[in-house]
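Dear colleague,

I am passing on the structure below, together with some notes on what I found when going through it. Please read the notes with the coordinates open beside them.

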Amino acid sequence: MSKTEFGAELAITRLAGFVAAGTEIDPRLRNELAGKAIRTSRDVDDRLAPIVERNGMMFGFGAGAAAESATTWVRLTVLQFPEPAAARTAAIEVEAAGFGAAPKANAPVTLDWYPDAKAHWRQDIPSLDAALARGNYLIIVNVAQPRPNLAALQDLGKKTIAAQLPLLDQLPSLSVPEMRALDHDPQDMLRRTLHPKADFTPSFDREAVFNARGFRHVAPELWRRLLEVGGIDAVARVSEVGLVARARDPKAATLVLNDLRTAAGPTTAAPTGVPDAFCVENTAAAARFTCTVRAGRYVAQVGSAQLQDAHQRAAAQFAILVNSGWM
């Protein structure tokens, strides 16, 4: 992986932390859909691929959420381009491509708070699509509801944009040199994480440090709840080993540990010499055993196919946290 590819992985992780989550858009949208790293035009819808490629898309991130009924949902995609003109052109072309996919069924609409947004809706499949450029960024919004209520669809579309724009305004766009210069571990989270290799290899999917919002986009449901329980503000994830989460304080970390223990159900033997640690047996072959430890405000999980190895990793992870000073 080249330095440019490293930079793209770090840039995608950075962007994920500034893409609105479901309940930030609408309280009904409690079921998060798995977030997706967008590295190339192959990672977007086929009809959009030539548009974003032609306009020089650099990277992006897609996420979404649904209501309990799953008939109301939002999909939100944010892409970064090299310059504002490219993002504006892409916004026009993306919306036109969506409209052109079913020109007899689609009808143009406006989103009165956002006159620059290009949008259309379908009555037979109650949905609304919109595209809006913001500096170097392109925001693509897809919303759906069970009934063909244009006002309700417009409202949900506007809520999505309203939640997203302030986040992007906090996130300066990146040039290629700035991508290459991004710090892989700015908060020393990976330094506190048991690592199977001698060097770090940035990867959104396998080795990354997320803020709370970014991790929420990729976390299991239990961990999404624990983000709030523990006031967690950073999570390092290393897929071959596990993760380390930083809670608000030691008391909050203990709450997270106890909730994980309760949710785990029956436990197996815990590693000796590691206070508060517990282990569980899973169905996953690659990480049949998962052990959880706490030190100070940090909670960590490690996994292995063998219990003895899981114990050794848990002890090593605990030692790393202790030696890091817990702060």
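Which strands does helix H10 (residues 307-323) lie across, and at about what angle does the helix run to S12? The model is a predicted one, and in it H10 lies across strand S10 (242-246) as well as S11, S12 and S13, with a direction at about 20° to that of S12.

The sheet itself is open and has six strands, which follow one another in the order S8-S9-S10-S13-S12-S11 with antiparallel pairing. Its edges are formed by strand S8 (207-211) and strand S11 (278-281), each of which pairs on one side only, and from one strand to the next the twist averages 15°. Within this sheet, strand S12 (residues 289-295) and strand S13 (residues 298-304) run antiparallel and are joined by seven bridges; as a point of reference along that pair, Thr292 stands opposite Gln301 in S13. Helix H9 also packs on the sheet, where it touches S11, S12 and S13, and its direction makes about 160° with that of S12.

H9 has a helix partner too. The axes of helix H8 (residues 221-229) and helix H9 (residues 250-264) come within 10 Å and cross at roughly 155°, and because angles over 145 degrees count as roughly antiparallel, H8 is roughly antiparallel to H9. The crossing in which H8 passes H9 is right-handed. On the H8 side, the residues that meet the other helix are Leu222, Trp223, Arg225, Leu226 and Val229, while H9 contributes Leu255, Val256, Asp259, Leu260 and Ala263. Sorted by character, the residues of this contact comprise eight nonpolar and two charged, with no polar residue among them.

A last point concerns a single residue, Phe200, which lies in the loop between helix H6 (176-180) and S8. Is Phe200 buried or exposed? Neither term applies, because its relative accessibility is 34% and a residue has to be under 20% to be buried or over 50% to be exposed; Phe200 therefore counts as partly exposed. If its neighbours within four places in sequence are left aside, Phe200 is in contact with His184, Leu190, His195 and Glu207. Leu48, by contrast, is 152 residues from Phe200 along the chain, and the C-alpha atoms of the two are separated by 34 Å.

With kind regards

How values were computed. Residues are numbered from 1 along each chain as its sequence is written. This is a predicted model: local features need pLDDT of at least 70, side-chain atom pairs count only at pLDDT 80 or more; totals for chains, interfaces and linings use all residues. Side-chain values use heavy atoms; hydrogens and water are left out. Axes are lines fitted to C-alpha atoms, for helices over the stretch in contact, and angles run from 0 to 180 degrees between N-to-C directions. Helices (H or I, at least four residues) and strands (E, at least two) are DSSP runs, numbered from the N terminus. Angles under 35 degrees count as roughly parallel, over 145 as roughly antiparallel, 65 to 115 as roughly perpendicular and the rest as oblique. A crossing is left-handed if the near helix is turned anticlockwise from the far one by less than a right angle, and right-handed if clockwise. Contact means heavy atoms within 4.5 Å. Ala, Val, Leu, Ile, Met, Phe, Trp, Tyr, Cys and Pro count as nonpolar, Asp, Glu, Lys and Arg as charged, and the others, Gly among them, as polar. Two strands pair if DSSP finds at least two bridges between them. Buried means under 20% relative accessible area, exposed over 50%, partly exposed in between (1.4 Å probe, protein chains only).
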